[in-house]
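User: I am new to reading protein models. Can we go through this one by question and answer?

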Amino acid sequence: MTTTLRTPESAPSAHASQPAHSSPPPAAPLGSPWPASARPGPNGDLLVGGVGLAEAADRFGTPLYVLDEQEFRDRARAFRRALPMAEVHYAAKAFLCSAVADWAAEEGLGLDVCSAGELRLAAAAGFPPERVLLHGNAKTPEELRLARRLRVGRIVVDGAAEIPRLAALAVADAPQRVLVRVLPGVAAGHHRAVRTGVDGQKFGFRIDGGDAADAVARILGQPGLRLTGLHCHLGSQIGEPGPYLAAVDRLVGLLAGIRDRHGVELPELDLGGGYGVRYLAGDAELDPDRFAADVTERLAARCAEHGLAVPRLLVEPGRAIAAPAGVALYRVLSVKRGTDGRAFAAVDGGMSDNPRPALYGSAYEVRAVGRPADGPTAAFDVVGRHCEAGDVLVRDAALPADLRPGDLLAVPAAGAYQLSMASGYNLVGRPPVAAVREGRLRLLIRRETVEDLRAREVGR
């Protein structure tokens, strides 16, 4: 794609129509689900982190993902502030690159990874291995060897086969700390495909039926493994603390059973992530302070009932930190109206960079950039460029009635589970990622090209 470079000096000035001695009042923030820094800019532009989104699109082309670094850091700090005695691990599966690993490390977070790729990137970025926690329901022997070689802080045991594999990798002077992932039987999450805390799916060990108790006994019998606690993950987009409180009840009961059977009190309890954020202004969002207050109170009460010391909490926010920091930018390629009266705005991205609407029916907001906000609007389905009827990014979006090719559209809450789940469908390269902070715009990840895709071919 050919783009026109526009430097900040050549951009329209916010003060062009003002007398020299005055300045316009600061614009009000757009509000959630946009980053806290998002403001209306001159000539219909939108500013994020002090940078115009039109400038970002001009410099780096579209589709483009823009990450507000300060939003990411502020949300990381909110979890650490709410849970000062807990360990907060950023869930890398939401989105990971070297810069994000740096931000998480600098904010005092650990890192939850679930593949060799995420682990290798973290190591290459210099992330402290002792603050890394390795997940995965089907870890390969190579991944376990890599984790042991790097001496990651914890490994979550998710299946019986991992126990002997890890035991065989034991290092005499450094037993591996492990957690056991259990299924507390709590259904939570915005879609059945992400409800991971109930029986009948691939993760963890069932409490009911004794699978979890058997795994605990086997690990305690391995001198090269040090069982430090229990782990669970309930689902995604959980908007209130209730499911976590139910999980605490089940897990503390299991901790008490382990104490009674083995004489061991496990010192850690990991409640995973899944904290809901707003994709639409009216969505529920789980507040870290409320979560912390309710969960720590329930945990203390249940431990007191069972005569247990209160274990150290671990939590794994990913989406709750990254999603609200991201904005996706697209150019309109065509506008058409169907025979049923529906209007379609086709853009230069789609399900290859954001599969969530196709997978989960996820809803998003969208705004036109560089167009007056008070003009007449009409309803459009914002659709992608891919050869699937289900490639629809936003349905019934209120956009300028005279929307036309070349217009720029911005979609908020785009920082998680979009680029991390991106594909090469139709051999469309993945978009670049840029970061903004205090008026500075910089490229983090370049656009994937056809040459990148062809480089994997080795013969014909």
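User: Are Y244 and F291 buried or exposed?
Analyst: This is a predicted model, so the answer describes a prediction. A residue counts as buried if its relative accessible area is under 20%. Both Y244 and F291 are buried.

User: How are the rings of Y244 and F291 arranged, edge-to-face or stacked?
Analyst: A pair of aromatic rings is described by the distance of the centres and the angle of the planes. Here the ring centres of Y244 and F291 are 5.0 Å apart. Planes over 60 degrees apart count as edge-to-face. The planes of Y244 and F291 stand at 85 degrees, so the pair is edge-to-face.

User: How many residues apart in sequence are the parts that Y244 and F291 tie together?
Analyst: Y244 lies in helix 8, residues 242–262. F291 lies in helix 9, residues 288–306. The pair therefore ties together parts whose separation in sequence is 47 residues.

User: Which residues form one aromatic cluster with Y244?
Analyst: A search of the whole structure finds seven aromatic pairs. Y244 and F291 belong to one aromatic cluster. Its other members are F79 and Y275. So the residues that join Y244 are F79, Y275 and F291.

User: Which ring has the charged end of R356 over it?
Analyst: A charge over a ring must lie within 6 Å of the ring centre. The charged end of R356 is 4.4 Å from a ring centre. That ring belongs to Y279.

User: Are helix 4 and helix 5 roughly parallel or roughly antiparallel?
Analyst: Two packed helices are described by the angle between their axes and the distance between the axes. The axes of helix 4 (residues 116–124) and helix 5 (residues 141–150) come within 10 Å. They cross at roughly 20 degrees, and angles under 35 degrees count as roughly parallel. Helix 4 and helix 5 are therefore roughly parallel.

User: Is the crossing of helix 4 and helix 5 left-handed or right-handed?
Analyst: In helix 4, A116, L119, R120 and A123 make the contact. They meet E143, L146, A147, R149 and L150 in helix 5. The crossing of helix 4 and helix 5 is left-handed.

User: In which hand does helix 2 pass helix 3?
Analyst: The axes of helix 2 (residues 69–82) and helix 3 (residues 98–106) come within 10 Å and cross at roughly 35 degrees. E69, F72 and R73 in helix 2 meet V100, W103, A104 and E106 in helix 3. The crossing is right-handed.

User: What covers the buried residues of helix 3?
Analyst: A99, V100, A101, W103 and A104 are buried in helix 3. Their cover includes helix 2. It also includes strand 4, strand 5, strand 20 and strand 21.

User: Is D58 buried or exposed?
Analyst: D58 is in helix 1. Helix 1 (residues 53–60) is mostly covered, with seven of its eight residues buried. D58 has a relative accessible area of 18%, and the cut-off for buried is under 20%. So D58 is buried.

User: What is the phi of G61, just after helix 1?
Analyst: G61 comes just after helix 1. Its phi is positive. The value is about 75 degrees.

User: Does L427 count as buried or exposed?
Analyst: L427 is in the loop between strand 19 and strand 20. Its relative accessibility is 63%, and exposed means over 50%. L427 therefore counts as exposed.

Note on methods
Residues numbered from 1 in each chain as written. Predicted model: local features only at pLDDT ≥ 70, side-chain atom pairs only at ≥ 80, totals over all residues. Heavy atoms only, no water. Phe/Tyr/Trp six-rings, centres within 6.5 Å; stacked < 30°, edge-to-face > 60°. Helix = DSSP H or I, 4+ residues; strand = E, 2+ residues; numbered from the N terminus. Buried < 20%, exposed > 50% of the residue type's maximum accessible area, 1.4 Å probe, protein only. Lys NZ or Arg CZ within 6 Å of the ring centre and 35° of its normal. Axes fitted to C-alpha atoms, helices over the stretch in contact; angles between N-to-C directions. Parallel < 35°, antiparallel > 145°, perpendicular 65-115°, else oblique. Left-handed = near helix turned anticlockwise from the far one by under 90°. Contact = heavy atoms within 4.5 Å.
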